[in-house]
Amino acid sequence: MRIAFFSPLPPAKSGIADYSAALLDPLRRLAQVEAFTDRPPHFNPAAYDVCVYQIGNNPHHIVPYEMALEHPGVVVLHEANLHHLITDLTIRRNDWPAYLNEVEYNGGATALAYARRYVATLERGPDYDGVPMLRRIVERSLGVIVHSDCVGEQVRKAGYEGPLGRIWHGGWVLDSDRNSWRFRLGLDELTPLIGVFGFLKPYKRIAESLRAFRRLLRVEPRARMILVGEPHPELQLDSLIDSLDLAPAVRVLGFTPIEDFNGYIGACDIVLNLRNPTVGESSGTLLRALGLGRAVVVSDVGSFREYPDDVVLKTPVDSTEEDHLFEYLNLLVSRPDYARKLGANAREWVRRECSWDVVAGDYVEFLEAVRTGAPVPDRPLPPVPE
């Protein structure tokens with residue numbers, strides 16, 4: 001099979017760039033793949049059996065999005081909202097008519113009236129949550145790949161009736177010298193270490209995590225936390241840490257190269273990978289933590305609800321969130337045997353269900369079904385407890 005593969009790739013600071021880089025090697029062992037990060041000057045889709053477009057909700061995906069509209073193929077939706085991407089394609093190019101046209105096409109007359117009244121006059125920002133901007137690209141697609149049933153449901157709601165494949169986000173099964181990375185942090189092997197990783201945005205429940213950690217320190221004063229990633233300007237992270245009197249126990253390491261990023265995950269006993277609200281996005285950072293055998297706590301929302309209960313702990317995002325976070329942290333710190341068991345389950349699950357070799361095989365199976373018109377492989381998820 002000959003595949004044209006459109007995606008950002010490293011050094012782009014994009015989780016999907018890292019995803020695509022990891023996928024390409026095993027995929028190339030199964031098919032002939034040519035990867036494109038930029039628009040080719042002359043592109044002949046007839047030279048390929050299928051075109052694959054990795055689509056995310058940021059400017060890194062302008063080329064894959066535009067090419068997917070011009071040369072329909074299989075799109076991989078990493079989340080269920082493309083409104084930010086559409087604003088980059090329209091508003092940031094000062095093309096307001098194109099933006100309003102997309103709003104009407106996706107959201108109808110009510111959404112258009114809102115955009116004209118508030119967005120075009122700069123009184124309010126775009127209605128990101130209400131208008132996910134999926135309709136045009138899915139209608140043009142020959143097939144759609146998602147990482148979760150959560151996103152799959154939104155694709156169907158957008159009116160797509162074609163082949164839909166649910167393929168887990170790939171995971172890295174890695175080894176890490178835990179103690180050497182702890183030595184870099186000035187920690188011994190017994191210090192309980194909690195980590196938060198990735199772009200540090202408010203919706204990743206950073207404030208809630210810090211407040212729960214402050215409560216943990218009252219029962220386990222040795223505990224420490226690291227925050228590894230670029231802080232979002234809206235978070236005001238340093239002042240938040242100071243206001244909670246956590247400066248002695250919390251370190252912000254900022255953006256780090258991927259080798260250091262993996263090493264710091266491996267140094268941790270517990271990883272928090274939380275978010276609310278969500279648009280069904282999957283987390284490459286979460287898969288790295290699971291593949292490294294860490295005990296992980298996620299939010300019980302969106303695609304994260306679909307992970308097995310013996311692989312991650314899930315905290316609600318209601319008024320009990322902070323209480324649950326504290327109780328989970330206290331459990332995992334006081335029961336290191338349980339934390340190790342949870343991490344071992346996670347590592348084995350990644351190896352079995354979503355190693356990159358497994359994911360590449362699932363891709364080829366789905367792409368072949370789309371190309372030939374054969375039935376799409378059915379991979380139902382286990383039911384999520386109510």
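Start by selecting Gly-284, which in this predicted model sits in helix α11, the stretch covering residues 284-291. Show Ile-16 as well: the two residues are 268 apart in sequence, yet their C-alpha atoms are 8.0 Å apart in space. Setting aside the neighbours within four places in sequence, the residues in contact with Gly-284 are His-169 and Trp-172.

Next, display the strands β1 to β6. These six strands make an open sheet whose order is β2-β1-β3-β4-β5-β6, with parallel pairing. At the edges stand β2 (32-36) and β6 (164-166), and each has a single partner strand, so one side of each is left without a neighbour in the sheet. Looking along the sheet, you can follow a twist that averages 20 degrees from one strand to the next.

To inspect the pairing at the β2 end, select β1 (residues 2-6), which runs parallel to β2 and is joined to β2 by five bridges. One residue pair to pick out is Phe-6 with its bridge partner in β2, Phe-36.

Then move to the other end of the sheet and select β5. Its pairing with β4 is parallel and extends over four bridges, while its pairing with β6, also in the parallel sense, extends over three. Ile-145 is a useful residue to centre on, being the bridge partner in β5 of Val-76 and having Gly-165 as its own bridge partner in β6. Are the two faces of β5 covered or open? Both are covered, since Gly-143 and Ile-145 on one side are buried, as are Val-144 and Val-146 on the other.

Now add helix α14 (residues 356-372), which lies across β1, β3 (50-55), β4 (74-77), β5 (143-146) and β6, and runs at about 160 degrees to β5. Within this part of the model, select Tyr-363 and look for its partners outside the neighbours within four places in sequence: Tyr-363 is in contact with Tyr-19, Leu-23, Leu-27, Val-52, Gln-54, Val-76, Ile-145 and Ile-167.

Tyr-363 also leads into the largest nonpolar core, a set of 53 residues in which Leu-23, Phe-197, Leu-290, Tyr-307, Trp-349 and Tyr-363 have the most contacts. The largest share of this core, eight residues, is contributed by α14. A second core, separate from that one, has 38 residues, and to find it you can select Tyr-53, Val-63, Val-144 and Tyr-160, which are among its members.

Finish at helix α12 (residues 321-334), whose 14 residues reach 20 Å from the first C-alpha to the last, close to the 20 Å expected at 1.5 Å a residue. Colour its buried residues, namely Glu-321, Leu-325, Phe-326, Leu-329, Leu-332 and Val-333. If you then look down the axis of α12, these buried residues fall within an arc of 140 degrees, and they therefore line one face of the helix. Among the elements that cover them are β7 (193-197), α8 (206-219), β10 (270-273), β11 (295-299), β12 (313-315) and α13 (336-353).

As a last selection, take Leu-329 within α12, which is buried at a relative accessible area of 1%. Beyond its neighbours within four places in sequence, Leu-329 is in contact with Ile-194, Ala-212, Phe-213, Leu-216, Ile-270 and Leu-272. For a distance check, draw a line from the C-alpha of Leu-329 to that of Asp-318, 11 residues apart along the chain, and the separation is 18 Å.

Note on methods:
Residues are numbered from 1 along each chain as its sequence is written. This is a predicted model: local features need pLDDT of at least 70, side-chain atom pairs count only at pLDDT 80 or more; totals for chains, interfaces and linings use all residues. Side-chain values use heavy atoms; hydrogens and water are left out. The expected span of a helix is 1.5 Å times one less than its number of residues. Buried means under 20% relative accessible area, exposed over 50%, partly exposed in between (1.4 Å probe, protein chains only). The arc is that of the directions from the helix axis to the C-beta atoms. Contact means heavy atoms within 4.5 Å. Two strands pair if DSSP finds at least two bridges between them. Axes are lines fitted to C-alpha atoms, for helices over the stretch in contact, and angles run from 0 to 180 degrees between N-to-C directions. A nonpolar core is a set of buried Ala, Val, Leu, Ile, Met, Phe, Trp, Tyr and Cys residues joined through side-chain atoms within 4.5 Å.
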